[in-house]
Amino acid sequence: MGRVAGKIAIISGAASGMGKADAKLLASEGAKVVVADLNEADGQAVADDIGENAVFMRLDVTDEANWEQVVADTVERFSGLDILVNNAGLMQLGSVVDTELADFKTTHAVNNEGVFLGCKHAIPAMADSGGGSIVNMSSVAALHGMSFVLAYSASKGAVRAMTKSVAMYCKEQKNGVRCNSIHPDGVKTPMVVKVALGKDTATQEDIDMVASGANMCEPEDIANLVLYLASDESRFINGAEMVIDDAATITPPVGV
């Protein structure tokens, strides 16, 4: 207990899936958590479930003014900012030929530009607090080809590179801020299951059905790494890409 005691965290996309697991675990370890999401009903429910260590704030990660307001409101309410988890994400099916330009742009606006805006506006606040940790959610799709989610793969590749650039900037500035990326594979979340089934929404029954036929990790598996990277235990880890994939990216093709 208390691994992030006294720290202040903003988690985007925290109304469900990995973000929800991150928020609950960080709060249980002593952090004050801002549950940030476009989904007001579910986001508020997550904050209410956590209790006094959490507050919900509406956040459209593609809106720069909204990012500025959430960071400012967080600092005003809690007197600082120590942790940013850029978790909000969007996945759409489509190869390089099938993907429409509008869908490509939308995916990048959420997955890539949203991370940029979060880092841009959180870093000065973190520096004023004496430093902090940024955790950017990327994917194994950034590490090897996934033909059926072209826009998603490209956006997560951008997050991987951006993370390293942010880490170098913060090191050069000596502002005490670290930035690392996490690269999961097959997480049991509504977003992943919706894409797998080609549905607009995913019920718990859908999630359980898909997970029963695949080797998928739980959102809590990701949250455990987020907690480590957010804590002072990882104080010398900066610019790293942390893979959670049960060796998927190093498994040779069948017959090799």
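Strands β2 and β3 (residues 54-58) pair in parallel through five bridges, where pairing calls for at least two DSSP bridges between two strands. Helices (H or I, at least four residues) and strands (E, at least two) are DSSP runs numbered from the N terminus. Val34 stands opposite Val55 in β3. Between these strands the chain passes through helix α2 (residues 40-50), making a right-handed β-α-β crossover. Right-handed here means that, with the strands pointing away from the viewer, the path from the first strand over the helix to the second runs clockwise.

Please keep in mind that this is a predicted model, in which local features need pLDDT of at least 70, side-chain atom pairs count only at pLDDT 80 or more, and totals for chains, interfaces and linings use all residues. Residues are numbered from 1 along each chain as its sequence is written, and side-chain values use heavy atoms, with hydrogens and water left out.

**The other side of β2**

Strand β2 (residues 32-37) also has a parallel partner in β1 (residues 8-12), again with five bridges. Ala9 has Val33 of β2 as its bridge partner. The route from β1 to β2 leads through helix α1 (residues 17-28), and this β-α-β crossover is right-handed. Five of the six residues of β2 are buried, that is, under 20% relative accessible area, with exposed meaning over 50% and partly exposed in between (1.4 Å probe, protein chains only).

**Helix α2, face by face**

Which residues of α2 are buried? They are Gly43, Val46 and Ala47. Viewed down the axis of α2, these buried residues fall within an arc of 95 degrees, so they line one face of the helix; the arc is taken over the directions from the helix axis to the C-beta atoms. An α-helix has 3.6 residues a turn, so residues three or four places apart point the same way. The buried residues of α2 pack against α1, β2 and β3, with contact meaning heavy atoms within 4.5 Å. On the face turned away from the buried side sit the exposed residues Ala41, Asp48 and Asp49.

Both ends of α2 have something to show. At the N-terminal end, Asn39 acts as a cap, with a side-chain oxygen 3.4 Å from the backbone nitrogen of Ala41. After the helix comes Gly51, whose phi is positive, near 100 degrees.

Ile50 belongs to α2 as well. Its C-alpha lies 6.3 Å from that of Lys24, although the two are 26 residues apart in sequence.

**Three residues and their surroundings**

The table lists contacts, leaving aside residues up to four places away in sequence.

| Residue | Relative accessibility | Contacts |
|---|---|---|
| Thr107 | 0% | Leu90, Gln92, Asn112, Ala151, Tyr152 and Ser155 |
| Ala230 | 3% | Val4, Lys7, Leu26, Ile83 and Ser133 |
| Ile50 | 22% | Ala23, Lys24, Ala27 and Val35 |

By these values Thr107 counts as buried, Ala230 also counts as buried, and Ile50 is partly exposed.

Thr107 lies in helix α4 (residues 101-128). Its side chain makes a polar contact with the side chain of Gln92 at 3.1 Å. A polar contact is a pair of N or O atoms within 3.5 Å; within protein, one must be able to donate a hydrogen and the other to accept it, and residues adjacent in sequence count only if both atoms are side-chain atoms.

Ala230 is found in helix α8 (residues 219-230). The C-alpha atoms of Ala230 and Leu84 are 8.3 Å apart, with 146 residues separating the two along the chain.
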